[in-house]
Amino acid sequence: MKEDASLQNHFKKGISTLVALSLLQNQRMYGYELVQTMEKVSGGRFALQEGTLYPILYRLVDQGLIESERVMVGKRMSRVYYQITPKGVEYLAKIRQEYEDITAGVAALLDYRPPEP
């Protein structure tokens with residue numbers, strides 16, 4: 001259903017920064033590697049197109065939350081690797097706590113049943 005896909009994309013956009021920073025906290029990665037890891041680790045439930053991820057990565061670089069490094073792979077090919085900065089680690093802790101708080105609140109709302117009269 002088209003509406004379901006739109007809702008799913010809205011949720012993905014909202015947490016893509018959180019997911020990218022979380023993965024980069026563990027190791028430096030290049031863009032396609034991030035996309036593949038997101039899809040694999042989530043069992044296919046969280047998949048982004050590279051075209052969606054790169055603007056997020058560029059924004060994070062501009063904000064100083066991650067840094068990039070171009071590395072030659074072979075004689076003619078290069079990859080841009082991204083890694084989290086200390087500022088990014090602090091920001092990740094903040095938004096992860098916010099995400100966990102919101103998730104707990106939403107779970108409570110979804111499980112709410114009014115008291116019997």
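What span should the 13 residues of helix H3 (residues 50–62) have at 1.5 Å a residue, and how far apart are its end C-alpha atoms? The model is predicted, with local features requiring pLDDT of at least 70 and side-chain atom pairs pLDDT 80 or more, while totals for chains, interfaces and linings use all residues. Residues are numbered from 1 along each chain as its sequence is written, and side-chain values use heavy atoms, without hydrogens or water.

**Helix H3.** Select residues 50–62: the expected span is 18 Å, and the end C-alpha atoms lie 18 Å apart, in agreement. That expectation is 1.5 Å times one less than the number of residues; helices are DSSP runs of H or I with at least four residues, strands runs of E with at least two, numbered from the N terminus.

Next, select Leu53, Ile56, Leu57 and Leu60, the buried residues of H3 (buried: under 20% relative accessible area; exposed: over 50%; partly exposed in between; 1.4 Å probe, protein chains only). They sit on the same side of H3 because their arc around the axis is only 100°, taken from the directions from the helix axis to the C-beta atoms.

Turn to the face directed away from the buried side, where the exposed residues Gly51 and Asp62 are found. Gly64 follows H3 and has a positive phi, near 80°.

**The loop at Gly74.** Move to Gly74, in the loop between strand S2 (66–73) and strand S3 (77–84). Its relative accessibility is 57%, so Gly74 counts as exposed. Select Ser22 as well: the two are 52 residues apart in sequence, and their C-alpha atoms are 29 Å apart.
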